[in-house]
Amino acid sequence: MRGVGTVVPDRASGVGAGVELTTARGLLAVADAPATRNLALTVSAGCVRSARVWVRVDHQRPLLVPVGSAGWHTVFVPSRIAAGVHTFRLRPARLPRHAPACAPPAVSRLDFMPSSSALLPLLGTAMRSQDPSANSLSPLTADPRYLATFLGNFDSLTPENELKMLFTEPTEGTFDFAPADSLVSLAAANGKQVRGHTLIWSDELPAWLTNPLLPWSPGGLLDVMRQYITTVMQHYGRQIDTWDVVNEAFQDDGSYTQSVWYDVLGPSYIADAYAIAHQADPAAKLFYNDIGAEANNPKQQAILSMVNALRAQGVEIDGIGMENHTNAPGYPTDPQLEQTMSQYAQLGLRVEITEMDVETQGTAPADALTAQADAYRAAATACWDVAACDRFTTWGFSDAVSWVGAQQAADLFDTNFQPKPAFAAVDGALFRGAFAPPVPAAARH
Ligand code: XIL
């Protein structure tokens with residue numbers, strides 16, 4: 001069976017141009033597509049359980065896409081397509097043999113997601129090359145399951161502490177990149193992205209900075225900041241394209257956090273940090289990152305005012321990191337997160353969930369895993385739904401290696417590196433299943 005699809009303008013779906021093609025048997029469509037990384041198929045499983053559709057673009061490797069339910073609905077298929085004419089082959093994986101009254105799986109529409117909304121969020125996690133207390137082995141050395149779980153399940157890593165000034169400039173003017181370098185090379189060797197965290201923060205600072213022999217002059221401290229940001233960013237160059245330039249500058253009531261930076265330089269230290277970072281690497285994506293500002297509150301208002309003030313001064317800022325450290329009984333909901341993300345998106349900012357974990361103490365043990373999965377699903381769904389959200393990062397991935405301790409069971413994998421219900425929730429909400437490689441012929445029955 002062959003057919004030729006026709007490019008139709010966007011209609012109610014709001015997903016962009018597409019191909020109209022109702023078929024239950026398989027279809028060959030030749031269509032002039034815009035550049036995209038994501039196709040949307042309107043499908044129905046009919047009465048077939050576990051129905052799947054083969055999708056092949058040109059001569060790329062075919063993808064086997066699960067079709068969830070009987071009613072018409074949309075499934076997303078990641079597929080990098082350059083603008084131009086392409087051949088799309090769609091075929092239900094297996095037709096029912098004896099079911100005359102049974103509706104077969106069908107595909108009714110193929111849409112090309114606009115590229116702005118087509119970038120699938122990456123799944124990232126914090127990783128450690130060293131134990132922060134430095135009295136036990138790095139998890140990388142201590143347990144091979146740590147690296148294997150990261151490599152098998154995540155697209156991106158954030159060094160948990162290694163890029164903080166305490167470690168990178170332990171003595172004034174002497175930089176130590178060894179701990180961070182080991183993570184950055186590990187990422188590069190395995191095709192993973194890296195988030196740079198964090199250039200200017202109130203915490204994890206070396207003693208020479210916080211307890212100087214002579215009090216800092218504003219000019220002297222600004223020189224330290226300039227040398228620090230420039231040296232660190234240029235050391236990594238294109239290996240790290242996204243940086244948390246300033247971290248946690250506000251308190252819950254929206255006032256500024258006290259720190260050596262704020263105390264000596266005043267609030268203008270924030271604009272200085274972004275201006276220096278932009279000069280150091282004009283191509284880098286510059287983020288502001290904070291905790292407890294996921295829902296509308298005084299801290300989130302302070303962040304919005306800061307962005308507006310930076311823009312008014314012509315200072316570049318590209319995105320906001322929402323840490324989303326939370327707990328199972330009281331997590332931010334999907335609508336709350338989407339509202340906050342959309343406010344940033346309206347200002348032309350990118351957003352990321354940057355440090356999510358979900359503590360479970362305080363939840364009845366019988367409900368803890370489900371409530372935790374709900375919390376993770378809410379944030380992953382928000383990140384999927386808001387096109388400005390590029391990455392969903394958790395603060396560690398195993399309860400065995402967590403800054404809040406194993407007793408909080410806050411992560412996606414348990415202490416034995418087994419996935420918890422929360423992992424399936426995130427995996428599903430980010431449609432990562434659609435990336436599954438085609439099932440080998442031998443396993444297709
Ligand atoms: C935490 C690390 O996870 C700990 O190992 C370290 O002892 C303290 O810092 N917000 C941030 C992160 O931006 O850098 C913090 O990381 C957690 C809260």
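The following dialogue explains how terms are applied to a predicted model of a protein chain with a ligand.

Colleague: What should be known about the model before its features are discussed?

Modeller: The model is predicted, and local features need pLDDT of at least 70, side-chain atom pairs count only at pLDDT 80 or more, while totals for chains, interfaces and linings use all residues. Residues are numbered from 1 along each chain as its sequence is written, and side-chain values use heavy atoms, with hydrogens and water left out.

Colleague: What makes up the secondary structure of the protein chain?

Modeller: The protein chain has 13 helices and 18 strands. Helices (H or I, at least four residues) and strands (E, at least two) are DSSP runs, numbered from the N terminus.

Colleague: Why is Val43 called buried?

Modeller: Buried means under 20% relative accessible area, exposed over 50%, and partly exposed in between, with a 1.4 Å probe and protein chains only. Val43 has a relative accessible area of 0%, and therefore it is buried. Val43 belongs to strand β4, residues 36-44. Between the C-alpha atoms of Val43 and Val53 there are 8.9 Å in space, and the two are 10 residues apart in sequence. Across the protein chain, 52% of the 445 residues count as buried.

Colleague: Why is Tyr344 counted as buried, and what is in contact with Tyr344?

Modeller: The relative accessible area of Tyr344 is 0%, so Tyr344 is buried. Tyr344 sits in helix α11, residues 334-346. Contact means heavy atoms within 4.5 Å. Apart from neighbours within four places in sequence, Tyr344 is in contact with residues including Ala293, Gln300, Ile303 and Leu304. Ile320, Met322, Leu349 and Val351 are also among them. Gly319 is 25 residues from Tyr344 along the chain, and their C-alpha atoms are separated by 7.9 Å. In the protein chain, 77% of the contacts with a separation of 6 or more come from residues 24 or more positions apart.

Colleague: How do you know that Cys383 and Cys389 form a disulfide?

Modeller: A disulfide is a pair of cysteine sulfur atoms within 2.5 Å. The sulfur atoms of Cys383 and Cys389 are 2.0 Å apart, and the two form a disulfide. A search of the whole structure finds 1 disulfide. The link of Cys383 and Cys389 is left-handed, with -85° about the S-S bond. Cys383 and Cys389 are both buried.

Colleague: Which residues surround the ligand most closely?

Modeller: Of the 14 residues that surround the ligand, the closest are Glu160, Lys164, His197, Glu248 and Glu355. A residue is near a molecule or strand if one of its heavy atoms lies within 4 Å of it. The shell divides into 4 nonpolar, 4 polar and 6 charged residues. Ala, Val, Leu, Ile, Met, Phe, Trp, Tyr, Cys and Pro count as nonpolar, Asp, Glu, Lys and Arg as charged, and the others, Gly among them, as polar.

Colleague: What makes the pairing of the ligand with His197 a polar contact?

Modeller: A polar contact is a pair of N or O atoms within 3.5 Å; within protein, one must be able to donate a hydrogen and the other to accept it, and residues adjacent in sequence count only if both atoms are side-chain atoms. An oxygen atom of the ligand is 2.7 Å from an N or O atom in the side chain of His197. For Glu355, the distance from a side-chain N or O atom to an oxygen atom of the ligand is 2.8 Å. A polar side-chain atom of Glu204 is 3.1 Å from an oxygen atom of the ligand. The ligand taken alone exposes 410 Å², of which the protein buries 84%. Such accessible areas come from the Shrake-Rupley method with a 1.4 Å probe; for residues, only the protein chains shown count as cover.

Colleague: What kind of peptide bond joins His197 and Thr198?

Modeller: A cis peptide bond joins them, with omega about -5°. Thr198 lies in strand β12, residues 193-200.

Colleague: Why does Asn324 count as buried, and what is the sign of its phi?

Modeller: Asn324 counts as buried because its relative accessibility is 1%. Its phi is near 60°, a positive value in a residue other than glycine. Asn324 is placed in the loop between β15 (319-322) and β16 (325-327).
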